[in-house]
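This briefing covers the ligand site and the cysteines of the structure shown below. Please read it alongside the sequence and the coordinates.

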Amino acid sequence: MSITLDVLQKNLIEVEKEITMACERSGRKREDVQLVAVSKTKPIEDIQKAHELGLTIFGENKPQEIRDKVQGLGNKEYTWHMIGNLQKNKIKYIVPKCTYIHSVDSYDLAFAIDKASAKHNVVTNILLQVNVSGEASKSGFTKKEVIDVLPMLAKLEHVQVKGLMTMAPYTDDETLIRTTFRNLKEIFIDIHSKNIDNITMEELSMGMTNDYTLAIEEGATLIRVGSGLFGERQYL
Ligand SMILES: *Cc1c(COP(=O)(O)O)cnc(C)c1O
């Protein structure tokens with residue numbers, strides 16, 4: 001089922017309003033927060049409509065789906081971000097199509113992305129996923145692991161570490177969500193202050209439909225909004 005342009009536009013206006021208000025509440029500039037439209041499971045027509053409304057960055061979590069969508073839409077006017085769990089044998093589907101991979105959770109994965117990127121003579125921007133909340137169901141580095149792995153990541157020439165990503169626990173408890181985001185920001189500042197060559201801390205990817213306003217207040221630069229724009233997903 002495809003979304004109508006009207007409904008999508010209405011959703012986008014609402015999300016934009018929320019982003020603007022969250023920026024105002026936290027004294028941030030609107031242009032410091034980028035909206036990643038999470039289009040996973042949604043048809044190409046929905047992505048085209050979103051593009052007509054001015055959205056350019058699309059987030060997907062399945063490598064083959066990215067391959068197919070890029071085949072349909074290209075990657076000139078559309079920017080693709082991989083946001084989901086990535087297996088090494090599927091990197092070939094998304095390098096060099098994705099300019100950002102948000103979900104790098106091991107050195108081995110970064111190493112494999114580096115090799116694939118070298119083959120295409122590109123540099124792939126990566127974010128390190130941190131499991132701040134420590135939930136067993138979530139992937140990502142622990143705080144200690146992420147700090148320890150940086151010197152090795154810094155040596156890879158075809159990946160550029162640009163920042164960190166996390167997913168908040170699935171809960172109504174705003175305090176818990178906020179604490180998760182705040183902890184990620186602290187790790188971000190900590191790494192930034194180490195001034196490691198080839199490691200830049202520019203992007204903080206946090207916040208989804210249910211919690212992106214909190215994420216903006218806590219410093220997110222990339223928010224990943226899916227159902228709030230495109231409507232509920234149906235998994236077949
Ligand atoms: C699906 C997904 C999102 C978007 O979720 P919504 O709740 O629909 O906004 C964001 N981030 C990741 C990693 C996802 O897998």
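The ligand occupies the largest pocket of this predicted model. Its shell comprises 5 nonpolar, 3 polar and 3 charged residues. Three polar contacts, described below, involve Lys40, Ser227 and Arg233.

**Surroundings of the ligand**

- Residues around the ligand include Val38, Lys40, Ile83 and Met167.
- Met208 and Thr209 also belong to these surroundings, as does the run Arg224, Val225, Gly226 and Ser227.
- Arg233 completes the set of residues that surround the ligand.

**Polar contacts and coverage**

- The side chain of Lys40 places an N or O atom 2.7 Å from an oxygen atom of the ligand.
- For Ser227, a backbone N or O atom is the partner, and the distance to a ligand oxygen atom is 2.8 Å.
- Arg233 contributes an N or O atom of its side chain, 2.7 Å from an oxygen atom of the ligand.
- On its own the ligand has 390 Å² of accessible area, of which the protein covers 92%.

**Cysteines and disulfides**

- The number of disulfides is 0, on the criterion that two cysteine sulfur atoms lie within 2.5 Å.
- Cys23 has a relative accessible area of 3%; Cys23 is therefore classed as buried, because this value is under 20%.
- Cys98 likewise has a relative accessible area of 3% and is buried.

How values were computed:
Residues are numbered from 1 along each chain as its sequence is written. This is a predicted model: local features need pLDDT of at least 70, side-chain atom pairs count only at pLDDT 80 or more; totals for chains, interfaces and linings use all residues. Side-chain values use heavy atoms; hydrogens and water are left out. A residue is near a molecule or strand if one of its heavy atoms lies within 4 Å of it. A polar contact is a pair of N or O atoms within 3.5 Å; within protein, one must be able to donate a hydrogen and the other to accept it, and residues adjacent in sequence count only if both atoms are side-chain atoms. Accessible areas come from the Shrake-Rupley method with a 1.4 Å probe; for residues, only the protein chains shown count as cover. On a 1 Å grid over the protein atoms alone, a cavity is a set of points where a 1.4 Å probe fits but cannot get out, and a pocket is an open set with protein on both sides within 12 Å along at least five of seven lines; lining residues have an atom within 4 Å of a point. A molecule sits in a cavity or pocket if more than half of its atoms lie within 2 Å of its grid points. Ala, Val, Leu, Ile, Met, Phe, Trp, Tyr, Cys and Pro count as nonpolar, Asp, Glu, Lys and Arg as charged, and the others, Gly among them, as polar. Buried means under 20% relative accessible area, exposed over 50%, partly exposed in between (1.4 Å probe, protein chains only).
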